[in-house]
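Here's a quick briefing to read with the model open beside you. It goes topic by topic, from the inside of the fold out to the charged pairs.

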Amino acid sequence: RADTPFRIYALYSKALPLDVACRVWDVYFRDGDSFLFRTALGILNMYQSNMLEMEFIDLGQFFTRLPDSMSADELFESISKIGITVKRYTQVLTHQLSLAEK
């Protein structure tokens with residue numbers, strides 16, 4: 001998957017608890033890149049209220065290693081609430097890549 005930045009791969013393998021990361025990767029291999037995007041949005045959705053109370057430096061530390069108490073079931077429930085289709089993901093990605101080239 002040459003179009004997905006390497007840092008996204010590293011983010012999930014290092015930041016998520018191992019059991020959660022394994023489930024994310026299983027679904028990624030089935031569903032593709034758009035699932036990684038939905039996973040990011042699912043994580044943001046799960047921890048939105050906590051993040052709104054954090055200082056910037058604390059956010060960086062938080063995303064470096066997400067809570068070990070993160071439940072795979074809760075994450076996947078949060079991901080399921082993200083209503084973005086593969087078509088819309090492709091549109092957003094294409095638009096952002098075109099902006100980056102300017």
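A residue counts as exposed here when its relative accessible area is over 50%, and as buried when that figure is under 20%, with partly exposed in between. R30, at 64%, is therefore exposed. Keep in mind that this is a predicted model.

**The nonpolar core**

- The largest nonpolar core has 21 residues, and the members that touch the most others are L16, V24, I43 and M70.
- Two or more residues come from each of α1 (6–15), α2 (18–31), α3 and α6 (72–80).
- The top contributor is α2, which puts 6 residues into this core.
- Take a look at I43: skipping anything up to four places away in sequence, I43 touches Y12, L16, F63, L66, M70 and L75.

**T39, a buried threonine**

- T39 sits in helix α3, which spans residues 33–46.
- Is T39 buried or exposed? With 0% relative accessibility, T39 falls in the buried class.
- So what does the T39 side chain reach at 2.8 Å? The partner is the backbone oxygen of F35.
- Once neighbours within four places in sequence are set aside, T39 is in contact with Y12, V24, L75 and I79.
- Two of those names turn up again around I43, which also touches Y12 and L75.

**Aromatic residues**

- There are 7 aromatic pairs in the count.
- One of them joins Y28 and F29, whose ring centres are 5.1 Å apart with 55° between the planes, making the pair tilted.
- The two partners differ in how much surface they show: Y28 is buried at 3% relative accessibility, whereas F29 is exposed at 60%.
- Add W25 and you get a cluster, since W25, Y28 and F29 group together as one aromatic set.
- W25 belongs to helix α2 and is buried, with 16% relative accessibility.
- Along the chain W25 and S13 are 12 residues apart, and their C-alpha atoms are separated by 8.7 Å.

**R23 and its two partners**

- R23 makes a salt bridge to D73, and the closest N and O atoms are 3.0 Å apart.
- Because R23 is in helix α2 and D73 is in helix α6, this pair ties together parts that are 50 residues apart in sequence.
- On accessibility, R23 is partly exposed at 34%, while D73 is exposed at 55%.
- R23 also lies over the face of F76, 4.5 Å from the ring centre.

**Other salt bridges**

- How many salt bridges does a search of the whole structure find? The total is 4, and the R23 and D73 pair is one of them.
- Another links D31 and R30, with an N to O distance of 2.7 Å.
- In that pair D31 is partly exposed, at 34% relative accessibility, and R30 is exposed, at 64%.
- K81 and E77 also meet through their side chains, at 3.7 Å from N to O.
- Here K81 is the exposed partner, with a relative accessible area of 58%, and E77 counts as partly exposed at 46%.

Conventions
Residues are numbered from 1 along each chain as its sequence is written. This is a predicted model: local features need pLDDT of at least 70, side-chain atom pairs count only at pLDDT 80 or more; totals for chains, interfaces and linings use all residues. Side-chain values use heavy atoms; hydrogens and water are left out. Helices (H or I, at least four residues) and strands (E, at least two) are DSSP runs, numbered from the N terminus. Buried means under 20% relative accessible area, exposed over 50%, partly exposed in between (1.4 Å probe, protein chains only). A polar contact is a pair of N or O atoms within 3.5 Å; within protein, one must be able to donate a hydrogen and the other to accept it, and residues adjacent in sequence count only if both atoms are side-chain atoms. Contact means heavy atoms within 4.5 Å. A nonpolar core is a set of buried Ala, Val, Leu, Ile, Met, Phe, Trp, Tyr and Cys residues joined through side-chain atoms within 4.5 Å. Rings of Phe, Tyr and Trp (its six-membered ring) pair if their centres lie within 6.5 Å; planes under 30 degrees apart count as stacked, over 60 as edge-to-face and the rest as tilted. A charge sits over a ring if NZ of Lys or CZ of Arg is within 6 Å of the ring centre and within 35 degrees of the ring normal.
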